[in-house]
Amino acid sequence: MLTLAHTIRTMTAEFVEKIRSINRRYATPRIEMSGPVRVALLSLRIYLLVLVGLLVYKFVITVAG
Amino acid sequence: MQPVTKAYYHLRRVWKAIALYLVICGPGIVVMVADNDAGGITTYAATGAKFGYNLIWFLVILGPVAYFVQEMTVRLGAVTKRGHAEAIFDGFGPFWGWFSLLDLLFVDWLTLVTEFIGMTAALRIFGVPGWLTVSVVCLLMGVIVLNGRYWTWEKIAIAFCALNLIYIPAAFLVQPKLSDIIGQGLIPNFPGGFNGTLFFFLMANIGTTIAPWMLFFQQSSVVDKGLKEKDIPWGRVDTLVGAVFTVLVAVAIVILTGTVLHGADVDDAAVAARMVMQTSPYAGAMMAIGLFDAGLLGAICISLASSWAFGEVFGWAHSLNTKIREAPWFYACYFIALISAGLVVLIPGAPLVLITLFVQVVAVTLLPAALVFLILLLNDRRTMGERTNKLWENLVNGGIVAVIIVLSTLYGLSTLFPSMFG
């Protein structure tokens, strides 16, 4: 049991470290963040927030109804 | 003698061009034909049954639309030698990278479930139980990828693409009138006026023509195949040929159900195949075989799209040219997605209709994001150099992307709130 727990802990730690290394590797976006690019990405964030909000709303009223 | 020599050299040049095309072709044809997956077949069958030949013109328009979007992935893959997931991480940083990767994983897995729904329903027509279909499909797909060569995998996939053309002779079998097809189908019209039902069908057809996994798949496939910048013209031809095939198959299905089932309400391609069988047993059987093949092709491409994307980002070996011991995580992703999706279909009472509907809504969230990233990446001169989008390409592709974003959003909303558009 101890060995299994140890293995799981080690694997989880390795996985977390892998995620961190990916985040570090791509920390600086290669695309130049010009005005149009910033506007496009901001619009995308707003669009996704609205759509996810609607999805959650639909889910809530479906479950409640 | 001179004309003969000239003709000989001309013939040799043509033959060399064809031979070169046969070497390079693959990613475009496979992704475009696989685009007509189980969900796509259902949409086209329902469109033909509901509106007869009247929306054929719309499907013809969608061919160039699909071509222009997919062509960008060919250029991006050939120039950067990176898959789409890695390109998004590299271009836009970890936030958008993880968003795209996890969204892709989620949508791909759900779509994979719908492919198994289509395949099991198709073979059930011939008396094959669901568990046997799932087992054989998993085994078959394992054999296809485990040979350790991209080239072999691609040629097998192209053979399945050829089988997808079965809908074309099936459409001829039901003896449609050519004059009706031309008169009703090729002149743009909105049967019954532009109402909520028609809008829903138009959106569904767009949704089946451009899917997020297609962008990820073709770019990764171009990279895995090793296409270079000089191969881009041939990659374009490959994509164009694929677009022609995908439209031909879509039109054939609409003709088939528009001839036999016009006026019927169809929401399941397998049910449509059974109904066609009552009028034309061979055409119905061919439709069922085509549905199974469509599901299989979709499953092959979608599971690979996810595995490639994860391999690129996590830095695992992620090529079909590697053996299983050289790329264990790549193949593990492939098989976990495949087997788990297959098992869902076998769960008694699983909400398969809800899953199918849910796939459409979730796919909407990824599609605009993926298309915006694609346009931005294609405008990055530092990376793309002389392959950067030109003004006319930005106008055409930007216009297509803008229209798709608006329409797919409305489609997502209409799926969430069915009474929204009347």
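Three cavities of 30 Å³ or more turn up in this predicted model. Rolling a probe the size of a water molecule over the atoms is what reveals such empty space. Let's visit two of these cavities in turn.

Start with the largest cavity, which holds about 90 Å³ of space. Which residues line the largest cavity? Chain A brings A:Arg30 and A:Ile31 to the lining. From chain B come B:Leu76, B:Thr80, B:Arg82, B:Ala87, B:Asp90, B:Gly91, B:Leu377, B:Asp380 and B:Thr383. If you like to think in secondary structure, look for helix H4 (56–80) and helix H5 (84–92) of chain B, each of which gives at least two residues to this lining. H5(B) makes the largest contribution, with three residues. As for chemical character, the lining of the largest cavity is a mixture: four residues are nonpolar, three are polar and four are charged.

Now move on to the second largest cavity, with a volume of about 60 Å³. Its lining includes B:Asp35, B:Asn36 and B:Tyr44, along with B:Leu59, B:Leu62 and B:Gly63. Further along the chain B numbering, B:Thr209, B:Thr246, B:Val247 and B:Ala250 complete the list. Here you meet H4 of chain B again, and this time helix H13 (232–260) of chain B joins in; each supplies at least two of the lining residues. How do the residues of this lining divide into nonpolar, polar and charged? For the second largest cavity, the split is five nonpolar, four polar and one charged.

Note on methods:
Residues numbered from 1 in each chain as written. Chains lettered and ligands numbered in written order. Predicted model: local features only at pLDDT ≥ 70, side-chain atom pairs only at ≥ 80, totals over all residues. Heavy atoms only, no water. 1 Å grid on protein atoms, 1.4 Å probe; cavity = no way out; pocket = protein on both sides within 12 Å on 5 of 7 lines; lining within 4 Å. Points joined across faces, edges and corners; volume = space filled by probe spheres on them. Helix = DSSP H or I, 4+ residues; strand = E, 2+ residues; numbered from the N terminus. Nonpolar A, V, L, I, M, F, W, Y, C, P; charged D, E, K, R; others polar.
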